[in-house]
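Reader: Could you walk me through this structure, please? I would like to start with the annotated domain.

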Amino acid sequence: MSAAVIWSEDFLAYRWAHSHPMNPVRLALTMSLARSLGVLDDVELADPLQIDDDALIPVHSRDYLNAVRAVGSGTASLSGPLLARLFGLGDADNPVFGGMHEAARLLVGGTLAAAQAVASGSVRRAVNIGGGMHHALRSRAAGFCIYNDCSVAIRWLLDHGYDRIAYVDIDAHHGDGVQAEFVADPRVMTISLHQHPATLWPGSGWPTEIGEGDAHGTAVNLPFMPNTPDRLWLRGFHAVVPSMIAEFAPQILISQCGADSHRADPLTDLSLTVDGQRAAMIAMRDLAEKYCEGRWIAVGGGGYGVVNVVPRSWTHLLGVVLDRDIPVETTIGEQWCQTATEVADTIYPEYSAAPVGTMSDDGDVGYVAWDGDTGQQAPPGIDESALRQTDRAIMATRKAVFPLHGLDPEDPRD
C-alpha cells in the first residue's frame, strides 16, 4: 500500500461528558462504515506511537502537561476554578475526565506515526482520523482539544529535515492553535478556511492575520459567512489554496479535515454536504501529488453530527487517502444503518441525528471558478448576495497575502 491508516481502539478513550458534543463513537462508526464498504479491505492498520511526555514538550509546557496529568488522575492540588483559568481545564468545553492525559497523548502518537511513516518514505500518504486537535495551545486546552497533534507533528518534521510544510485546515472553526504555534516561522504555511470569526468561536482567522516578522504571508485565512454552500466554498478554496501551495512549494502537505462544515452540524452554520467535503479532500490530494511528490498527511478534527455526518465524511477521507474513492451514489448497507441507529439512541439527544443511508447528500460541487473582481453574475441556484459575500472574502484574503508572494490579487491567473 502507498498509504497508512493509523488506528487504535484506544482512541475511544478520548471521551468527555455524556452531554459533550465530541463523542468518540464518531470514530468507531467511521471505521465500521469504511469496513462495511470495503474501503479497508486488505489494509493493515498501523498502530499509533506510544510516545512519552518528551514528545509533547516542543509544543506544550511542562507545567501544562503536569496539570493535565494531575486532573486526569484526580491528584490536582489546584482548585477547579484556578485550573480552568490557568489551563482551560474543567470548563464547559474541556471538562475533566479520567485518564485525559494518556488519551490525548495517544492521539498525538497517532499523528506522529503518520508523519514518521511519510517522512521515512515507507508510504506517501497517511491518515489519522483521531487527530486534528487544532485548538490546543502551548499551555491551555481549548475547543475540545488538549494536546495539539498537528503542531507536534509539524515540529517533528521540522526537526527531521523538512523546511517547507503546508498545513491546510478545512474545519468550520479557525485553526488557531496551529497558526499561533507557527505564526512567526517562515518554514510553515498555515491556510485555514473557516466560518467567519465574527459569527463563530474562537473569533480569530481574519484575512489580516498573515504571519509575523519573516513569516509575513505564511498565515492565510479565508473566512466564509454562515450558510455558504458547496459551490461557493469550493470557489473560495480554488481561488486561494492552489495559488498559495504553488508559490510556497511545500515538501509535504498536512490537511486537517474537520467535518463540522456540514450543513447538519449542530454547532456551526456553514452549509457544505459530504459531497463538497469529499471534493475538498480530493483537491488536497491532487495538490499533494502536484507539488509535494504525493506526500500527504490527513487528520480528522471537528464534527458533531457524530452518527449522520462524520462517519460518511471521514469514510470518504479514508477512501481518498487510499485511492479508493467512494462513488457518491454508493448506498450504505442496512446492517450498518441499523447499528448506527442503535448507537444514536445512546447519544445525547442534540447530537444523535439518525444515520443517512447513502454516501451523498445530493450536493452540487459544480463551482464556477473565481475570475477576478469583475462582478460576475451569479450562476443558477446561487444567491446573488451570497456570491458577493464570498467574492469579497476571496479578495480580502488575496489582497492580504498574495502581494507578499509577488502575486497579483486581482488577476485570476495568479
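Author: Over residues 20–319 the chain is 39% helix and 11% strand, and the end C-alpha atoms lie 28 Å apart. Helices (H or I, at least four residues) and strands (E, at least two) are DSSP runs, numbered from the N terminus. This is a predicted model, in which local features need pLDDT of at least 70 and side-chain atom pairs count only at pLDDT 80 or more, while totals for chains, interfaces and linings use all residues. Residues are numbered from 1 along each chain as its sequence is written, and side-chain values use heavy atoms, with hydrogens and water left out.

Reader: Which annotation covers residues 20–319?

Author: The UniProt record, an unreviewed entry, annotates them as "domain: Histone deacetylase". UniProt positions are given in the numbering used here, feature names are shortened, and annotations may be inferred rather than shown by experiment.

Reader: How many helices and strands are there in the protein chain?

Author: The protein chain has eleven helices and seven strands. Its radius of gyration is 20 Å, close to the 22 Å that the globule rule gives for 414 residues, so the chain is as compact as a globular protein of that length. The radius is taken over C-alpha atoms, and the rule is 2.2 Å times the number of residues to the power 0.38.

Reader: What share of the residues is buried?

Author: Buried residues make up 61% of the 414. Buried means under 20% relative accessible area, exposed over 50%, and partly exposed in between (1.4 Å probe, protein chains only).

Reader: New topic: how many disulfides does the count come to?

Author: The count is zero, where a disulfide is a pair of cysteine sulfur atoms within 2.5 Å.

Reader: Why does Cys 150 have no bond to Cys 145?

Author: The sulfur of Cys 150 is 8.3 Å from that of Cys 145, the closest cysteine sulfur, which is too far for a bond. Cys 150 is buried, with a relative accessible area of 1%.

Reader: And how many cavities of 30 Å³ or more does a search find?

Author: The search of the whole structure finds two. On a 1 Å grid over the protein atoms alone, a cavity is a set of points where a 1.4 Å probe fits but cannot get out, and lining residues have an atom within 4 Å of a point. Grid points are joined across faces, edges and corners, and a volume is the space filled by probe spheres set on the points. The largest cavity holds about 70 Å³, and the second largest about 40 Å³.

Reader: Which helix gives the largest share of the second lining?

Author: Helix α7 (residues 230–248) does, with three residues. Among the lining residues are Arg 231, Tyr 367 and Leu 387.

Conventions
1 Å grid on protein atoms, 1.4 Å probe; cavity = no way out; pocket = protein on both sides within 12 Å on 5 of 7 lines; lining within 4 Å.
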